[in-house]
Amino acid sequence: MTDTERTARTGVPERPTLDGIEESWARRWQEDGTYAFDRARAGERQHVYAIDTPPPTVSGELHMGHVFSYTHTDTVARFQRMRGRTVFYPMGWDDNGLPTERRVQNVYAVRCDPALPYDPDWQPPATPVSEAARKDPAPISRRNFIELCERLTAADEQVFEALWRRLGLSVDWSLTYTTIGRVARATSQRAFLRNLARGEAYQAEAPTLWDVGFATAVAQAELEDRERPGAYHRLRFPGPGGRAVLIDTTRPELLPACVALVCHPDDERYADLVGASVRTPVFGVEVPVRAHPLADPAKGTGIAMVCTFGDLTDVTWWRELQLDTRVVIGRDGRLLPEPPAGVPTEPYAALAGQTVNGARRTVVELLADAGDLVGEPRPITHPVKFYERGDRPLEIVSTRQWYLRNGGRDAGLRDELLARGRELRWLPEHMRHRYEHWVGGLTGDWLVSRQRFFGVPVPVWYRLDDAGEPDWCHPLTPDESMLPVDPSSEPPPGYDEAQRGLPGGFVGDPDVLDTWATSSLTPQIVGGWETDPELFRLVFPMDLRPQGHDIIRTWLFATLLRSHLEFGVLPWRDVELSGWILDPDRKKMSKSKGNVVTPMALLQQHGSDAVRYWAASGKPGMDLAFDPAQIKVGRRLATKLLNASKFALGLGAADALRAPATEPLDTAMLAELSGVVGVATSAFDAYDHTAALMATEAFFWRFCDDYIELVKERAYGSGPGADSARAALATALSVQLRLFAPVLPFVTEEVWSWWRYGSVHRAPWPTTYEVGRAVQAPGDPELLRLAADALGQVRRAKSERKLSMKADVPLAEALGPAALLDQLTLVADDLRAAGRITKLDLLPDRTPELVVACAF
């Protein structure tokens, strides 16, 4: 039978190619429901493998970091599916919150003005808009703004889905959800109302970290320090008996907000001042001197100015020392028009309405004129608190906000959450310490309200008394059957819309919930909590949470907290953390640094399997450098898999799939393959896709370069030896396609379709038992290595003489220990055929190692 006849019979194309297979197989998988979650087939919870997929933020482009981490998750899903589990693998889009609002503002040059009425005929401007328009955005109503957010995110989500399909993620696209969708809003509001009923959610007027640019409160988990230039200013405070007390500050503009000076209890320099009072320069306000252990004697002059509020330490001192409150900075980042109580109007008038920077310059001038600025300001660089998505330093203003108890002020709850962290299986294990460090370092409860627009509304209203003032202490809440609700456009039970804003009527809470307050409920949102009890029973608690290590403090902690409070259990059993993608200089890729690489062009140029190969070469928790050369290696591997499979099937392997392998070389190869199956299976069980890929790939290249070359002449023939070769090739090809399938889904499906029924991704994961069943007698993997060594020496001899590999070798002498040559005898026929050796002499005990000498 000719190669052409064999190829035609097995359905192998004449010229296999990787080009275009992504589109055809993505379409086929969708049509066939290859990755659909079949709850009827699942039966019981133990048969399901449920993944709490991270919903990417839909506010820009996906980058290689997404490809990196989502590929890791997909290898897990594919492996578990082949292991017989019914895989619950949804996909979500995180589309609410500040990132979406900022994108809408930038794309359309608009801003939200809640005071404006809804205009049903309003149309957004044509894009792209000019830079001038962005600097002077057009105001639109809240409802128009939200509709624009929904419009843009819907378009972005289509682009994201197309890329994920191109990458080959084996998600069930019927399980797609959004964090602003109806189900997510209802779930988020239901959880909040239950937190409120149990006393876990509460409202308070308190100092709040405030982003001036976004005009919203910010939670502790969203902070980051950025190094910024500043200056120390030394101020002279008149003290008792004419004593001058010097303090250093980087924020002289907060002088009218000063409420105390604080020194360390053991600092003898100021011991006599504790309990006394000093006066603020310029303003002449009397403030006390107090002692507190947080004061650092080695910092500046050793005594600090406490203002309400300059930083988080000020908040701590203010609370623990029960100091007065003198707030001077408003929500717009400017100094308030009126001075706080006790501060004289005349000097303050020069500051009213100024920005922070402008007020700083004015105060420094006033201090200099009064002779209370000692020396020149000393330039420094110091860490400043920013909202992680903001571009202006945070201020601390006093606002009324909603909080959720998280252990920051409750030692018992903190201990419970630390215990939950120890129940969780961390991959890698050392990441648990980051969680414990975060929980142990919490200084306050989770601020969950935001003063924004595109988010899940806080589902409460407030009664207005006869004077029109809200009753904050007794919020009105909806029945869960009403959810989701929008208090800004719907009245509470027992009221009608005409009573909104009137004395004796009601007012809706204007805030939305922090995006993490909704994202922390992804298992409940997609699992059908309270809406689909059967589904929830099958998937919750889930098996796996994959995510980045940089959001342990936000997404992981918040999800664990919500599950602990509501159900008293972990939301998942395992958490797999991914690292960062680094540029060639080993720096983290980020949009702000301009070193981000987007994936679509790479997927089109090299193929999805090649990009997935690069991603899978990074282990969980480890950073990986972006390396185009590694992607090219992946392309070469996928191409070789095509060509080697075509060759093996061309030898007739497809017809010998269940026949036994009998020849020593064949059983040796399968014995080694059995070991690879064991290694790869154990690695995937441990979420180490990299180790599984390395073991499989290393064997594959030995299989191609050594085994196929040694066996192909025999396989072309007929008789028991040829039958054995074809049987071994069939088993090896079938097993290797399945071992590669989690990482290289497209090329493995393509080859599988040439000679097998169904999808390789629904085929059972290979087992050592399966491989062992394909041989009549146990094989010795060392025999394949011995034959490969001998053939390699013959090839090397030809190469050194610049001869073709097809050149005949009239005589070859194999020298080595007698036992070794006895083993070589078992594969001598295959060695002669592969090396084109006319005569092979075995000369025992002439050398301590195998040496093959060729005579030409």
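Tyr462 makes a good starting point in this predicted model: its relative accessibility is 0%, so Tyr462 counts as buried. The ring of Tyr462 takes part in an aromatic pair with Trp472. For Trp472 the relative accessibility is 33%, and this residue therefore counts as partly exposed, since the range between 20% and 50% carries that label.

Aromatic pairs recur in the structure, which holds 30 of them. One of these joins Phe68 and Trp614, whose ring centres are 6.1 Å apart; with 45 degrees between the planes, the pair is tilted, because only angles over 60 degrees count as edge-to-face and those under 30 as stacked. Phe68 belongs to helix 4 (residues 64–82), while Trp614 belongs to helix 19 (residues 608–616), so this pair ties together parts that are 546 residues apart in sequence. Phe68 and Trp614 are both buried.

Returning to Tyr462 and Trp472, their arrangement is edge-to-face, with 4.8 Å from centre to centre and 65 degrees between the planes. Tyr462 lies in strand 20 (residues 461–463), and Trp472 is found in the loop between strand 20 and strand 21 (506–508), ten residues apart.

Aromatic residues also gather in a group: Trp529, Phe536, Phe540 and Phe567 form one cluster. Trp529, a member of that cluster, has a charged neighbour as well, as the charged end of Arg190 sits over the ring of Trp529 at 5.1 Å from its centre. A further contact of this kind involves Trp29, where the charged end of Arg78 sits over the ring, 5.3 Å from its centre.

How values were computed: Residues are numbered from 1 along each chain as its sequence is written. This is a predicted model: local features need pLDDT of at least 70, side-chain atom pairs count only at pLDDT 80 or more; totals for chains, interfaces and linings use all residues. Side-chain values use heavy atoms; hydrogens and water are left out. Rings of Phe, Tyr and Trp (its six-membered ring) pair if their centres lie within 6.5 Å; planes under 30 degrees apart count as stacked, over 60 as edge-to-face and the rest as tilted. Helices (H or I, at least four residues) and strands (E, at least two) are DSSP runs, numbered from the N terminus. Buried means under 20% relative accessible area, exposed over 50%, partly exposed in between (1.4 Å probe, protein chains only). A charge sits over a ring if NZ of Lys or CZ of Arg is within 6 Å of the ring centre and within 35 degrees of the ring normal.
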